[in-house]
Amino acid sequence: MGLAIVLSLFVAPEDADQGVSQRIFYIHVPIALTAYFCFGLGAWKALLLLWRGSERYDLESYVAIHQGTIFGSLTLITGAIWAKASWGVWWTWSSNQLVLFLVLFLFYCAYFMLRFSLEEGPRRARSSAVYALFGVVLIPVSFLAIRLAEDFIHPTVFTREGPQMTATMFAAFCVTWAAVTLLAYVLYRVELVGKRLDADLRELREALR
Amino acid sequence: MTYLADVAALARKDLKVELRARDTLPAMLLFVLSTLVIFHFALPSDTGDDAAYGLLWVAIVFTALLGLARAWVPEHEHGVLDGLVLAPCDRSAIWLGKTLATLAFLLAAQAVALPAFTLFFAPLSATALVAVVLVDIGICAVGSLLAAMAAAGRARELLLPLLLLPLAIPLVVGGVGAAISPEGERYLLLLALYDGIFAVLSWASFEYVVTE
């Protein structure tokens with residue numbers, strides 16, 4: 001697994017010959033897609049929690065959203081770097097995807113605030129689950145809103161040619177995507193195991209007392 | 001029919017409490033008017049009407065936040081919420097009653113604030129007025145759920161704005177668009193969509209937030 005990640009991260013950019021700035025595309029877009037995937041997974045686990053009422057979904061949902069937020073901040077950082085390289089500014093409001101990520105980033109930071117402010121227990125689990133579900137609904141709604149907002153904030157729509165991908169570039173893109181998804185999954189499992197161990201340990205300590 | 005009767009009874013209770021205590025509504029009114037005065041000084045004199053329209057939505061969202069922060073305080077201070085949860089009625093009726101009561105406060109505050117805005121800054125079109133009502137519905141529907149969530153936390157006054165503001169961004173986009181865009185109807189559609197989706201979601205999930 002680690003080998004696959006290393007290979008894809010170092011070999012894949014070699015395929016790109018569109019200038020240095022274009023290479024970040026191979027990192028940026030897969031990370032963004034993975035972040036969406038993590039948020040989706042978190043919401044799905046949240047739905048399962050509300051539906052079945054099993055405690056373990058709470059932790060899974062939290063860990064997935066935690067990973068999603070980490071990948072989300074990476075997306076913002078790589079996006080800013082890419083924007084600096086290709087448009088000359090660190091931040092541009094005309095990039096819908098970046099704005100959407102900023103909104104989501106704020107939203108999920110609020111999720112953590114909510115979690116840390118409530119007492120541990122089923123009520124916290126359910127409140128966070130409801131908020132996580134709101135988040136996944138917020139994604140398409142804000143995307144629509146940001147799209148619409150573009151024509152009064154920026155009357156001249158910023159058009160950018162979509163990257164016309166050759167087969168090798170597409171292959172490189174797919175490999176990085178798979179690698180990043182794998183990375184996210186591994187991190188998700190690792191954090192989950194860690195958090196579960198933590199919980200078990202706490203339970204044991206309580207029992208021994 | 002009993003469901004609607006429950007909702008009406010709960011909303012009436014909130015209105016009655018407000019009529020006797022007069023906690024929230026005067027505060028909201030005063031707040032929104034002082035905000036408008038602040039905006040007058042915040043905007044340089046040669047900025048166009050568009051900037052004023054934009055700030056109007058900031059005022060609306062913050063006024064709603066002020067009302068929502070107070071929404072569950074009486075319930076919590078006297079342990080009413082536990083009683084309501086135990087009462088033999090659908091829990092979502094509690095949410096709907098609270099949403100309607102908060103909406104009534106917000107509309108009452110705006111009945112004063114919007115004419116004041118027209119007087120101080122610029123007239124509002126019919127589209128903008130519809131947008132105000134739609135934004136109010138959306139923000140009260142989502143806000144009364146989130147306020148119930150935040151009320152259980154340690155830092156409840158602090159938590160609510162954090163939870164609500166990211167969710168309110170589409171509402172602000174829709175409101176500003178409806179006020180300044182020549183084709184404002186598209187934004188009304190966005191607002192209606194938002195209201196529909198989030199009202200159903202809040203209605204369905206309220207039970208999970210208040211039960212132990």
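Biologist: Which residues bring H3(B) and H6(B) together, and what makes two residues count as being in contact?

Modeller: Leu56(B), Thr63(B), Ala64(B), Gly67(B), Leu68(B) and Ala71(B) in H3(B) meet Lys98(B), Thr102(B), Phe105(B), Leu106(B), Ala109(B) and Phe117(B) in H6(B), and by class these are eight nonpolar, three polar and one charged residues. A contact requires that the C-beta atoms of the two residues, placed from the backbone, lie within 7 Å. Ala, Val, Leu, Ile, Met, Phe, Trp, Tyr, Cys and Pro count as nonpolar, Asp, Glu, Lys and Arg as charged, and the others, Gly among them, as polar. Everything here refers to a predicted model, in which local features need pLDDT of at least 70 and side-chain atom pairs count only at pLDDT 80 or more, whereas totals for chains, interfaces and linings use all residues. Residues are numbered from 1 along each chain as its sequence is written, with chains lettered from A and ligands numbered from 1 in the order in which they are written.

Biologist: Why is the crossing of H3(B) and H6(B) given a hand, and which hand is it?

Modeller: Two packed helices are described by the angle between their axes and the distance between the axes. The axes of H3(B), residues 49-71, and H6(B), residues 91-120, come within 10 Å and cross at roughly 145°, the axes being lines fitted to C-alpha atoms over the stretch in contact and the angles running from 0 to 180 degrees between N-to-C directions. The crossing is right-handed, a word that applies if the near helix is turned clockwise from the far one by less than a right angle, whereas an anticlockwise turn would be left-handed.

Biologist: How do you know which word describes the orientation of H1(B) and H6(B) to each other?

Modeller: Their axes come within 8 Å and cross at roughly 45°, H1(B) covering residues 2-21. Angles under 35 degrees count as roughly parallel, over 145 as roughly antiparallel and 65 to 115 as roughly perpendicular, with the rest called oblique; the pair H1(B) and H6(B) is therefore oblique. The crossing of H1(B) and H6(B) is also right-handed. Among the residues that meet are Tyr3(B), Leu10(B) and Glu18(B) in H1(B) and Ile94(B), Lys98(B) and Phe105(B) in H6(B), and the whole contact divides into 12 nonpolar, one polar and four charged residues.

Biologist: Why is Pro161(B) in H8(B) placed in its burial class, and which class is that?

Modeller: A residue is buried if 20 or more other C-beta atoms lie within 10 Å of its own, exposed if 12 or fewer, and partly exposed in between. Pro161(B) has 18 such neighbours and is therefore partly exposed; Leu158(B), also in helix H8 of chain B, has 13 and counts as partly exposed too.

Biologist: What makes the contact between H3(B) and H8(B), in residues?

Modeller: The axes of H3(B) and H8(B) come within 9 Å and cross at roughly 145°, in a right-handed crossing. The contact includes Trp57(B), Val61(B) and Leu65(B) of H3(B), and Pro161(B), Leu164(B) and Val172(B) of H8(B). Its residues divide into 14 nonpolar, two polar and two charged.

Biologist: How do you know which elements of chain B touch chain A?

Modeller: By the contact count, 27 residues of chain B are in contact with 24 residues of chain A, and the elements that give two or more residues to that side of chain B are H8(B) (156-180) and H9(B) (185-210). H8(B) gives the most, with 11 residues, and this side of chain B divides into 19 nonpolar, five polar and three charged residues.

Biologist: How many helices and strands does chain B have, and why is its compactness judged as it is?

Modeller: Chain B has nine helices and zero strands, where a helix is a DSSP run of H or I with at least four residues and a strand a run of E with at least two, numbered from the N terminus. The radius of gyration, taken over C-alpha atoms, is set against a globule rule of 2.2 Å times the number of residues to the power 0.38. For 212 residues the rule gives 17 Å and chain B has 17 Å, so chain B is as compact as a globular protein of that length. Its C-alpha trace spans about 55 × 35 × 30 Å along the principal axes, and 46% of its residues count as buried.
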